[in-house]
Amino acid sequence: MASMLLNTVRSCSTSPSWAMRIGKLTTFLFTLARPGVKNIVLVEGVRTPFLLSGTTYADLMPHDLARAALQGLLHRTGLPKDAVDYIIYGTVIQEVKTSNVAREAALGAGFSDKIPAHTVTMACISSNQAMTSAVGLIAAGQCDAVVAGGVEFMSDVPIRHSRKMRKTMLSLNKAKTLGQRLSLIGSIRLAHLSPELPAVAEFSTAETMGHSADRLAAAFGVSRVEQDEFALRSHTLAKKAQDAGLLQDVISFKVPGRDIVSKDNGIRPSSMEQMGKLKAAFVKPHGTVTAANSSFLTDGASAVLVMSEEKALAMGYKPKAYLRDFVYYHMNVLERAGLSMSDIDVFEFHEAFAGQIMANLKAMDSDWFGQTYLGRKSKVGTPPMEKFNLWGGSLSLGHPFGATGCRLVTTVAHRLQKEGGQYGLVAACAAGGQGHAMVIEAYPQ
């Protein structure tokens, strides 16, 4: 699962710094723009507050959160609803009543029924896929403006009857006589009533993500202390960013029948002593992955407006960033873009588990791993921690599976503006042994 991140940050040969900076971001001497290739930009990105599942959003449905994110994007941008050519949303655990949640949310937000909308699923990189699908549509000349996003709602996941019970119920629906119905009802046994509970696990291996993270941490010698320290760092930085008003992608949301929600509620800086008291959550009793150093089940939605640069400027928008090269799993995004690790000013990696992040960092710092698995002569090298996830990450902000990718991209754009950098790198792992990475370039200010 997590090792997919490694392929996204293999650095090519060292290249000179390409940006001239005076104080904050000014004019860049070189960009990743290519002759004859359409520039595609991130105009804006928003998200609902990410909340612990079972809290304030508990009585909603997924399309309610997605609709709120779409309405927030419309409000933030002043975008005419008929200016959008396509809407794409990502989600993982689907609500069966709204399987195409993109369409239901779009209609609820007031978009025209003439605007097509579809839903994608790719585990924890579902909204990454939504965004890159948007990029593809624009690059192909099919669209000029696409809204992409993602949503996850863990407060009310589908729980199925047992297969035997489902078969009986379907047969009951087809029964034509009272005798047939009574016979079927009489065949129901206590075992039929045992439900099939959902699990965050691989279908092919039946292994949960937490168990996989625990094995990964053990394989790379990541200690419990290292994981707890990284998790504490994430929560501390997220709290600092929240208090400083840096999480500007968060929109306020009036929850029907409840109060207005305006900030994430999973940010909880603790202490090493308190975190050390928790028991192993997956590999018991000696595992090192705990509730404190894992991302928590989260409800939330995100949305971004992606446009061709020409269209954005024609409509009077000032884009936040260019969306440049992206890859899925087996390719090298920095190599494709002609960049090295030293060219990246902002790193935003998805924090599924502290152990997953730390194992990747150890692998990237290993000559043996670089030679054995990456075909390199030496190690990749690790991102400088002073550039890495400085506003917190999934461990602290929360991780609605289908929505995290948009948060990562929007955060990179905002950090580049705030810190005066030129290039940012997003990377995320996903169930099924998959991963995604994207290079983002700051829009000149």
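How much of the chain over residues 40-310 is helix, and how much is strand? This is a predicted model, and over that stretch the chain is 36% helix and 15% strand. The C-alpha atoms at the two ends of the stretch are 9 Å apart. I picked residues 40-310 from UniProt, where an unreviewed entry lists them as "domain: Thiolase N-terminal".

Next, the largest pocket. About 1,200 Å³ of space lies in it. Its lining is made up of 46 residues. Those nearest the centre of the pocket are Ala 199, Val 200, Ser 295, Leu 297 and Phe 401. By class, the lining has 32 nonpolar residues, 10 polar and four charged. As for which elements contribute, at least two lining residues each come from helix H6 (209-219), helix H7 (224-243), helix H8 (272-276) and strand E11 (423-430).

Last, the cysteines. The disulfide count is zero. Why is there no bond at Cys 124? The closest cysteine sulfur to that of Cys 124 belongs to Cys 429, and it sits 6.5 Å away, which is too far for a bond; the cut-off is 2.5 Å. Cys 406 is also without a partner, because the closest cysteine sulfur, in Cys 124, is 14 Å from its own.

Are these two cysteines, Cys 124 and Cys 406, buried or exposed? Cys 124 has 16% relative accessibility and counts as buried, the limit being under 20%. Cys 406 is at 1% relative accessibility, so Cys 406 counts as buried too.

Conventions:
Residues are numbered from 1 along each chain as its sequence is written. This is a predicted model: local features need pLDDT of at least 70, side-chain atom pairs count only at pLDDT 80 or more; totals for chains, interfaces and linings use all residues. Side-chain values use heavy atoms; hydrogens and water are left out. Buried means under 20% relative accessible area, exposed over 50%, partly exposed in between (1.4 Å probe, protein chains only). On a 1 Å grid over the protein atoms alone, a cavity is a set of points where a 1.4 Å probe fits but cannot get out, and a pocket is an open set with protein on both sides within 12 Å along at least five of seven lines; lining residues have an atom within 4 Å of a point. Grid points are joined across faces, edges and corners, and a volume is the space filled by probe spheres set on the points. Helices (H or I, at least four residues) and strands (E, at least two) are DSSP runs, numbered from the N terminus. Ala, Val, Leu, Ile, Met, Phe, Trp, Tyr, Cys and Pro count as nonpolar, Asp, Glu, Lys and Arg as charged, and the others, Gly among them, as polar. UniProt positions are given in the numbering used here, feature names are shortened, and annotations may be inferred rather than shown by experiment.
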